[in-house]
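Here is a short note for a colleague opening this structure for the first time. Please keep the model in view while reading the points.

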Amino acid sequence: MSKRILAIHAHPDDVDILAGGTLVLLAGQGHQISIVTMTPGDCGTAEYTAEEIAEIRRREAATAAALIGAEYRCAEFRDLAIFSDDPARRRVVEILRRTRPDLVLTASPVDYLCDHERTSELVRDACFGAPAPNYRSGAETTAAPLEAIPHLYFMDPAGGVDREGAPVIPDFVVDVRSAFQKKKEMLAQHESQRNWLRKHHGMDHYLDEMERWTRACGRRVGLEFGEGFRRYKGHPYPQTPLLEELLKDFLAPAKTQS
Ligand SMILES: [Zn+2]
């Protein structure tokens, strides 16, 4: 049966880098995919104004999403200004109520950047609040509360490591070899990021770096290309392995999982 899947991360391109291949596979199975970014990447530039780059990056993200038939929306927070506070949680709840996911993929709780970590926390808590009828989003037009807390999974942190450089070990790794070309095509839509990363991170090869990370994640479990996920274990959240079941034909053999 077709599921509604929400992939929500901080910036345009995070989803494509960390879960793009998995979304290609899920879209191929006929599931309905929404990609949401918390910000439009308004600080990722040294040449445009915040408004100009935001417009460019929303367009790039929407084009990337469209390659797998996914819808794209931006929650319109701003770079380096995502805080886990009352208005932010209500805004994320409204996004959940509008996209109505069975399954949510979001940022790792531990990552190199504050925006990623706050996104993870906000989405986790919004999943809890979204089914509660008395919890108001405060939006002008509001969608109905969710029927239940959705299944929640964390993507790997950028590069698969924590702030100390120690590996963050996923619960399972999805074999994305057959989806890798499409994943690369999705990421290539984020043209404006390539220039910025060259300048700011000293990262010359945007697509190559993503490839390196995807290969490294797969290598740990004997795959050519992999994307890792952890299921959130908080007690009231669904603990049936929905994502693992949907992707059962693409999981690394259990014996090689870390
Ligand atoms: Zn990011």
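Where is R100 found? It is taken up in point 2, after a word on the model.

1. **Ground rules.** This is a predicted model, in which local features need pLDDT of at least 70, side-chain atom pairs count only at pLDDT 80 or more, and totals for chains, interfaces and linings use all residues. Residues are numbered from 1 along each chain as its sequence is written, and side-chain values use heavy atoms, with hydrogens and water left out.

2. **Two residues with positive phi.** R100 is found in the loop between α3 and β4 (103-106). Helices (H or I, at least four residues) and strands (E, at least two) are DSSP runs, numbered from the N terminus. R100 is not a glycine, yet its phi is positive, about 50°. Its relative accessible area is 23%, so R100 is partly exposed. On this scale buried means under 20% relative accessible area, exposed over 50%, and partly exposed in between (1.4 Å probe, protein chains only). L80 is not a glycine either, and has a positive phi of about 60°. L80 sits in the loop between β3 (71-74) and α3 (86-99). With a relative accessible area of 54%, L80 is exposed.

3. **The zinc site.** Which protein atoms are donors of the zinc ion? They are H11 (ND1), D14 (OD), D14 (OD) and H116 (NE2), at 2.0 to 2.5 Å from the ion. Donors are N, O and S atoms within 2.8 Å of the metal (3.2 Å for Na, K and Ca); water is not among the atoms, so sites may look incomplete. Along the chain the donors follow the spacing H-x2-D-x101-H. H11 is buried, at 10% relative accessible area. D14 is buried too, at 8%.

4. **Why is the zinc arrangement irregular?** The 4 donor atoms subtend angles of 55 to 140° around the ion, which makes it so. The cut-offs are these: four donors count as tetrahedral if all angles lie between 85 and 135 degrees; four count as square planar and six as octahedral if opposite donors are over 155 degrees apart and all others between 65 and 115; anything else is irregular.

5. **The nonpolar cores.** The largest nonpolar core has 42 residues. Such a core is a set of buried Ala, Val, Leu, Ile, Met, Phe, Trp, Tyr and Cys residues joined through side-chain atoms within 4.5 Å. L23, I35, L105, F229 and L243 have the most contacts inside the largest one. Helix α1 (residues 14-28) gives the most to this core, with 9 residues. Apart from this core lies another, of 25 residues, with I8, V36, M38 and A126 among them. As background, nonpolar side chains tend to be buried together in soluble globular proteins.

6. **Cysteines.** How many disulfides does a search of the whole structure find? The count is 0. A disulfide is a pair of cysteine sulfur atoms within 2.5 Å. For C114, the closest cysteine sulfur is that of C43, 10 Å away and too far for a bond. C114 is partly exposed, at 31% relative accessibility. C127 is in no disulfide, and its nearest cysteine sulfur, in C74, is 18 Å away. C127 is buried, at 0%.

7. **Helices α6 and α7.** Q193 lies in helix α6 (residues 191-200). Its relative accessible area is 6%, so Q193 is buried. Leaving out residues up to four places away in sequence, Q193 touches D13, G44, R57 and Y206. Contact means heavy atoms within 4.5 Å. E211 is in helix α7 (residues 206-219), and is buried at 18% relative accessibility. The side chains of E211 and K184 are joined by a polar contact of 3.4 Å. A polar contact is a pair of N or O atoms within 3.5 Å; within protein, one must be able to donate a hydrogen and the other to accept it, and residues adjacent in sequence count only if both atoms are side-chain atoms.

8. **Two more loop residues.** R177 is in the loop between β6 (172-175) and α5 (180-188). R177 is exposed, at 51% relative accessible area. Beyond its neighbours within four places in sequence, R177 is in contact with E224 and F225. E47 is in the loop between β2 (32-37) and α2 (50-66). On the same terms, E47 is in contact with N195 and K199.
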